[in-house]
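Welcome! Below are a few exercises, each with a solution worked step by step, to help you find your way around the structure shown here.

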Amino acid sequence: MQLPNLKEAKKRTREEVPVEEYKIPDHLKTFGKGKTYFIKTYGCQMNEHDSENMKAMLESMGYIEGDSMEQADLILLNTCAIRENAHNKVFGMVGRVKHLKETKEVVFGICGCMAQEEVVVEELLKKHKCIDLIFGTHNIHELPILLEKVRNSEKPIVEVKSIEGAIVENVPAKRDSNYKAWVNIMYGCDKFCTYCIVPYTRGKQRSRKPENILKEVRDLKQKGYLEVTLLGQNVNAYGKDLNMDYNMANLLKDVAEMGIPRIRFVTSHPWDFTDEMIDVIAKYENIMPYIHLPLQSGSSKILKLMGRRYTKESYLELFHKIKTKIPNASITTDIIVGFPGETEEDFEETLDVVRTCQYDSAFTFIFSPRKGTPAEKMKDEVHYREKERRLQELNALVNEYAKKANDKYLNKIVPVLVEGYSEKDSSMLMGYTDTMKLVNAKADPSNIGKIIDVKITDVKTWSMDGEISK
Ligand code: SF4
């Protein structure tokens, strides 16, 4: 049994990250025949895509995807460690599976970022005997072999590497959409922002080789995909760990020139956002004018405590540069309130930046200390009720600007990639604009899977309604 170790996670063990090819052993190709699986995914797009990979691996073993946990023979929780409430949700689910296991035979596994946290793994193993398998973010491609080990073992199997793993190519994916695809371009992060658990749970930054990324995008284009999202924890730093003169701007340009209609990328760290990148985004029409630019705080003092490497002033300079060169760009952000040491004045500075940037939308959170991070040990004197008040005030402002940003679309004709039926009204179709606005539109179902022009007829804070433009 190999337990994860936060100290080890901080070390880069080698300069060159090995690249391996995924291969399922022949004798495991029928291992899951006649059985169903159920995967519950928490957290970010990286986790969503990891689950797509695991689904494809399981199906290549003969498993079939089940509709519910209750009917599954194999249950996997793909977990998130970014905030306390994500943790709590997972512990709640563990309780549910425990009851289920009293009535039927189920293999139960936990993977994802929580599995990379030593304390969590220890607690899970001590208190929850219903768990058969725990594996980390670096071990996902080993799922078939791990399931075989579970079958042959009386004890739970724990496989969690603390050090950065190899980059594994050709891992299959059962994609959730036939039109949009995630493409990992890098794994891990080297930034070590003081509040963030990601560099420990996902390891140090490892970029995929450009030729492998371009090959994946080419395949997706041939299969008819209309949109790819280049995925990583800090995509702007792409290539910095490769021994070659090739960066995110080069990759964006090369992907754009392949001609796939829509290209997106998440997530950006402002510190690594270069002028060269802005120029490439401005130049290519198929790179979508949508940028997620996490602010986290508008106070330079708090940004320093967060280890973010930029100031309020340099962030605003970058923001204005983007808006000048890409005037139609919609920009969204992440903001943490109540970071240790945040005074009312610091919070006011955050509100000031929001008033200046007038974001299209923002994900806002109350600071949640993560075990083992430097911020966990920082003195935090602000009462939780006060943090809640700040969050409410911030949200009111964010909502005001989100509605204002959407108002500009009224009566305009916008391109929408139609993905399917609207969740709220099945007589409507839903999709996203180039600027990542959710649109519900009256249109014939034959438009699903196409990029169509939609006239916006009504505008709300978080979505818009429209009809097909004649
Ligand atoms: S850049 Fe993002 S993923 Fe990396 S440490 Fe900072 S917050 Fe975490």
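**Exercise 1.** Find which residue of S5 stands opposite leucine 74.

*Solution.* Begin with the strands, which are DSSP runs of E with at least two residues, while helices are runs of H or I with at least four residues; both are numbered from the N terminus. Strand S4 covers residues 74-79 and strand S5 covers residues 107-112. These two pair in the parallel sense over six bridges, where pairing requires that DSSP finds at least two bridges between the strands. Opposite leucine 74 you will find valine 107 in S5.

A word on the ground rules: this is a predicted model, in which local features need pLDDT of at least 70, side-chain atom pairs count only at pLDDT 80 or more, and totals for chains, interfaces and linings use all residues. Residues are numbered from 1 along each chain as its sequence is written, and side-chain values use heavy atoms, with hydrogens and water left out.

**Exercise 2.** Work out in what order the strands of the six-stranded open sheet are arranged, and which helices lie across them.

*Solution.* Step one: read the order, S3-S2-S4-S5-S6-S7, with parallel pairing. Step two: locate the edges, strand S3 (64-65) and strand S7 (157-159), each pairing on one side only. Step three: add helix H2 (residues 45-59), which lies across S2, S3, S4, S5 and S6 and runs at about 175 degrees to S2. Axes here are lines fitted to C-alpha atoms, for helices over the stretch in contact (heavy atoms within 4.5 Å). Angles run from 0 to 180 degrees between N-to-C directions. Step four: place helix H4 (residues 118-127) across S5, S6 and S7, at about 175 degrees to S6.

**Exercise 3.** Describe the open sheet of three strands.

*Solution.* The order is S9-S12-S13, with parallel pairing. S9 and S13 form the edges, each pairing on one side only. On average, neighbouring strands of this sheet are turned by 25 degrees against each other, direction ignored. S9 pairs with strand S12 (residues 227-231) over five bridges, and lysine 180 has glutamate 227 as its bridge partner in S12.

**Exercise 4.** Check the span of helix H13 and list its buried residues.

*Solution.* The expected span is 1.5 Å times one less than the number of residues. For the 24 residues of H13 (384-407) this gives 34 Å, and the end C-alpha atoms are 34 Å apart, so the two agree. Buried means under 20% relative accessible area, exposed over 50%, and partly exposed in between (1.4 Å probe, protein chains only). The buried residues are Lys387, Arg390, Leu391, Leu394, Leu397, Val398, Tyr401, Ala402, Ala405 and Asn406. They pack against S15, H12, S16, S20 and S21.

**Exercise 5.** Look for unusual backbone geometry.

*Solution.* Start from the general rule: most residues other than glycine have a negative phi, and most peptide bonds are trans. Now turn to asparagine 170, in the loop between S8 and S9, whose phi is near 65 degrees. Asparagine 170 is partly exposed, with a relative accessible area of 46%. Arginine 309, in the loop between H10 and H11, has a positive phi of about 70 degrees; its relative accessible area is 42%, which is partly exposed. Finally, a cis peptide bond joins valine 266 and threonine 267, with omega about -5 degrees. Threonine 267 is found in the loop between S13 and H9.
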